[in-house]
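Visitor: Please take a close look at the largest cavity in this structure. Which residues line the largest cavity closest to its centre, and which elements give two or more residues to its lining?

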Amino acid sequence: MEKNKTQVEEINRNIYDIKNKDDYDFKIKKGLTKEIINEISDQKKDPDWMREFRLKALEVYNKLELPTWGPDLSELNMNEIATYVRPKSKLNTSWEDVPEDIKNTFDKLGIPEAEKTSLAGVGAQYDSEVVYHSMKEDLIKQGVIYTDMETAVREYPELVKEHFMKCVPVYDHKFVALHGAVWSGGSFVYVPKNVKVDIPLQSYFRLNSPESGQFEHTLIIVEEGASLHFIEGCSAPKYNKVNLHAGCVELYVKDNAYLRYSTIENWSKNMLNLNTKKAIVGKNAKMDWVSGSFGSKISMLYPMSILNGEGSKTEFTGISFAGKGQNLDNGFKVIHNAKNTSSVINAKSISKNGGTCTYRSLVRINENAKNSKCSVSCESLMLDDISKSDTIPVNDIRTDEVEFSHEAKIGKISDKAIFYLMSRGLSEEDAKAMIVRGFAYPISKELPLEYAVEMNNLINLELEGAIG
Amino acid sequence: MSEKLLEIKDLCVSAGEKEILNGINLKINKGEIHVIMGPNGSGKTTTANAILNNPEYTKTNGKILFEDEDITDLKTDEIARKGVFMSFQLPEEIPGISVTNFLKYAKNKITGEPVKIFAFKEELKKYMEELKMNPKNMERSLNVGFSGGEKKKNEILQMLVLNPKLAILDETDSGLDVDAIKTVSKGIEMFKNKDNAVLIITHNTKILHSLKVDYVHILVDGKIVKTGNQDLATIIENEGYGKYKNK
Amino acid sequence: MPDLKLNETPVRTARNFNCNNIVLKDLKIPENYKAFNNIEIDIDNSKIDLEEEISSSKLTYGLGDLLEEQAMKSPNKKIKLNIKGKSNKESIISFNFNEENKNLIDNIEIIAEENSKANIFIKYSFSNSTACKNANCENIMCEKGKNSEKLNNSYENYYHNGIIRLFAKANSSIKLTVVNLLNEVSQNFLSIENNLQENANLDFCIVDFGGKNSITNYYTNLEGEASKNNLNAIYLGKDEQVFDLNYIGALRGKKSVMNIEVQGALNGKSKKNFKGTLDFKRGAKKAKGDENEFCMLLSDTAKSLALPMLLCEEEDVEGNHSTAAGKLGGKELFYIMSRGFNKKEAMKLIVRAKFNKILDTISKEDLKNEILKEIDNRLN
């Protein structure tokens with residue numbers, strides 16, 4: 001039987017690729033200098049402490065080196081990137097008030113639709129600023145805060161000062177420092193003690209402007225005994241030159257609290273996605289990550305849980321799908337820093353059409369983390385012989401009272417499984433697609449329905465032209 | 001009235017370097033139940049896989065006709081859509097897709113028509129009761145973590161739902177206890193009618209106690225060495241394959 | 001002396017994960033050393049020729065340039081084994097460190113001709129020249145611990161830097177066992193490199209017990225179709241020993257197979273970095289690789305770092321790896337103690353049981369017994 005091999009075709013990304021005119025209210029000149037940072041601060045009417053913070057972060061940025069490992073970032077030239085683009089829209093609380101072309105984009109991505117049916121609140125960011133934010137009445141009454149980061153800096157200065165870039169300090173790595181200098185937009189969520197937010201909140205990030213960067217800052221504080229599910233979606237149309245995304249997500253999960261953070265990342269394939277996400281988890285609290293990574297030209301994304309509280313737990317469920325021209329270097333980091341902590345990591349990847357997936361991770365169980373447990377499972381699927389898949393997990397165990405195990409597998413779709421499905425009338429393409437969807441199911445089942453559907457569509461979209 | 005469904009002519013098949021079948025001839029008419037028996041390694045499973053054109057096997061000679069159409073080189077799914085079904089000796093585990101969804105999807109592929117959900121679910125429920133299957137299994141991933149018996153019953157369920165013209169059952173009875181074999185036989189009886197046919201491949205005769213068959217073929221070293229009626233199975237049961245092996 | 005960076009991994013990862021290499025501070029690399037004389041060589045002369053002229057080509061991996069240069073340019077022992085036929089006897093090369101022989105820089109090359117076969121042991125051990133003649137070897141080892149400070153000074157120059165290279169031609173079948181039983185004040189450096197041609201079969205076994213630092217680089221190039229390499233290794237750390245193991249298999253040939261099985265135990269404040277890489281190169285269709293590493297932590301100050309890498313640029317392969325770490329199972333320990341063993345004895349029993357699978361592949365009984373005895377000593 002003839003084996004069908006990968007075609008090297010661009011995939012039609014239809015709705016994600018809608019380009020609006022690069023029609024902005026203000027776009028800062030390209031590059032990264034003290035003047036530019038001051039200009040951003042002026043434009044954003046930063047309080048003094050924030051302006052100083054930005055300038056200090058710039059200094060750190062200039063001192064730090066590019067990583068000496070992972071994907072090649074040499075094509076990134078900060079002199080060619082505009083770090084701040086203000087869309088022609090103010091922050092709206094009514095969807096009707098959002099300008100037409102921006103509204104259309106989000107309409108097609110299904111954002112307001114999802115709000116009506118299954119979300120407790122929605123935020124939408126277009127380029128560097130949030131254009132829409134709303135939340136259900138009853139949550140406001142319970143004291144839940146869900147707003148854009150700029151409003152938070154103005155209205156909740158104490159809360160912001162106490163937490164802003166404390167979980168992810170600017171000297172963590174070069175792109176965190178960059179973020180600290182030029183951050184704009186993003187969401188701020190505060191869930192008061194013992195308040196359970198049963199339906200998810202969602203922020204959607206859209207980068208429209210070419211040769212620009214998005215640097216949104218997400219700060220979530222879930223107080224003691226409270227719970228929240230937060231969803232983050234991202235996309236951008238494709239341009240020929242690189243765009244940069246260096247967002248930062250800081251999550252504080254206090255004692256006995258619960259936070260689930262889900263992401264479907266579908267940036268266009270000219271995007272360098274150098275995002276940083278970190279959570280500090282308190283006593284008996286739990287932090288769950290669900291992550292689907294489909295887009296981007298280069299992605300370096302390693303969410304991190306720091307289990308500081310006794311009995312805290314974390315779970316990571318993630319999938320990466322790399323196609324032609326993509327290098328997705330993703331993974332997870334966990335630090336066990338207290339007694340009786342536990343972590344479960346489930347990572348999957350699919351490589352096809354010349355794409356590269358790398359799973360990179362760190363598990364560290366410190367001396368003080370007696371009686372902790374960690375189990376890791378990685379599975380990589382190779383869909384052809386021109387792609388690449390690497391697994392680079394570091395397991396650093398510093399005490400004996402632990403249960404640690406790590407398992408990884410790499411290989412192709414089994415011929416036997418394909419034959420079995422074909423004997424039931426499925427074509428080879430259908431059979432492979434079914435197996436791949438099944439492979440991704442542990443992740444898609446963790447997502448809200450709309451996102452699971454979106455993820456399956458993305459998989460079908462990615463497989464179109466890949467198989468058959 | 002007999003009508004020809006499957007015809008195998010001079011079929012030779014090899015796997016890798018090794019020749020397994022060397023010149024099989026077989027005719028199956030509508031309304032008939034055939035049994036191929038033979039010792040381990042005689043080529044029984046190869047025969048079933050060759051009919052469905054498993055790419056792991058290479059046909060070096062001969063033809064397979066289904067309803068007078070040459071299906072020798074068709075792809076597996078095309079053969080399946082013509083109405084040939086195979087119950088696997090070792091059904092594959094497919095994580096992440098539920099039995100219900102899989103069957104719905106496969107049924108749509110086989111019939112080419114949209115599946116009416118309500119009627120489909122009713123049908124499924126009925127079959128499962130007959131086969132004494134645990135309804136919870138329907139929402140579990142296909143064959144994943146199923147016991148040997150559950151897998152085999154699941155194959156029979158698929159046969160009933162997809163309703164092929166020819167069902168090939170490869171060692172469906174092996175590894176099952178007496179009660180399960182009875183259930184499987186019952187499934188075959190439910191399926192069987194004058195317009196379809198069944199080809200049972202087995203190395204023991206247990207399943208033939210509760211099923212009436214028309215022809216028994218003895219397969220040894222890649223060739224059918226003897227064909228007879230149900231009595232032949234009884235002879236094999238008592239005497240074994242010894243005397244055919246020497247040939 | 002500048003810091004010495006050794007044993008780079010094939011692929012780098014984040015620097016603060018501390019595993020791209022091992023850095024040794026203030027390491028004294030001896031420059032003037034005399035000949036190493038305490039060597040016993042007992043080989044199957046009928047099938048194996050002993051020569052001295054060895055290849056001068058560079059290693060593909062190796063521990064690092066500085067050490068490689070020393071071992072290539074100025075070794076104090078060169079050995080070449082030419083395996084011409086099928087040898088069914090055990091051949092052994094044994095290096096015995098003592099007060100007169102403190103520095104060994106050895107360069108060993110083994111050529112296995114087509115269809116040849118051999119079972120070779122290379123042993124690095126230490127014996128106090130007076131102690132070893134004494135039947136009661138263990139007691140003297142124990143006493144050493146008590147006066148360790150004094151002894152540390154006199155022993156601080158024990159140094160081993162070696163290269164072992166194997167070229168296994170088509171259809172050859174080689175068993176190679178390397179045993180490190182050096183003392184705890186030695187520096188042990190070893191670069192191993194194997195090249196396997198078509199159908200070559202290599203069973204490699206490493207017993208890694210000794211040395212203050214024991215740094216090993218192991219690289220097999222599975223170039224030939226259906227070539228196969230089993231690597232079995234055990235390590236056993238105590239006190240402040242540091243092990244850095246960098247094992248790499250590059251699968252290039254179709255249907256090539258690499259299995260890495262590592263069992264280890266760490267006591268005291270010992271530390272181990274295990275870096276194992278299965279690298280499936282494009283074209284290695286139907287290649288298979290398996291890698292398992294298990295580390296028993298026998299004390300709450302022992303540290304285990306593991307980086308089991310799978311690199312893959314070929315679709316039609318099967319690769320698996322697993323690592324695990326933890327302390328001895330309470331149930332297991334309880335069961336054995338309920339049969340009248342004290343905790344230390346029970347612990348020894350379990351460690352030995354875990355090691356047995358690998359030790360059983362060592363055919364040389366006297367050597368195996370020596371290793372078992374050493375396990376007991378080290379767990380005291």
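Guide: A cavity here is a set of grid points where a 1.4 Å probe fits but cannot get out, and its volume is the space filled by probe spheres set on those points. The model is a predicted one. By that definition, the largest cavity has a volume of about 180 Å³. Its lining is made up of 20 residues, and those closest to the centre are A:Ser320, A:Asn330, A:Gly331, A:Lys348 and A:Tyr359. Six strands of chain A each give two or more residues to this lining: β16 (286–293), β19 (313–322), β20 (327–336), β21 (342–351), β22 (356–365) and β23 (372–382). The most comes from β19(A), which gives four residues. Sorted by class, the lining has nine polar, eight nonpolar and three charged residues.

For context, the search of the whole structure finds four cavities of 30 Å³ or more. The second largest cavity holds about 70 Å³ of space. Lining this second largest cavity are A:Lys44, A:Lys45, A:Asp46, A:Pro47, A:Arg54, A:Glu150, A:Val153, A:Arg154 and A:Trp183. Here the element that gives the most is helix α6 (residues 149–155) of chain A, with three residues. The class make-up of the second largest cavity's lining is six charged, three nonpolar and no polar residues. To return to the largest cavity, its lining includes three charged residues, and A:Lys348 is among the residues closest to its centre.

Key:
Residues are numbered from 1 along each chain as its sequence is written. Chains are lettered from A and ligands numbered from 1 in the order in which they are written. This is a predicted model: local features need pLDDT of at least 70, side-chain atom pairs count only at pLDDT 80 or more; totals for chains, interfaces and linings use all residues. Side-chain values use heavy atoms; hydrogens and water are left out. On a 1 Å grid over the protein atoms alone, a cavity is a set of points where a 1.4 Å probe fits but cannot get out, and a pocket is an open set with protein on both sides within 12 Å along at least five of seven lines; lining residues have an atom within 4 Å of a point. Ala, Val, Leu, Ile, Met, Phe, Trp, Tyr, Cys and Pro count as nonpolar, Asp, Glu, Lys and Arg as charged, and the others, Gly among them, as polar.
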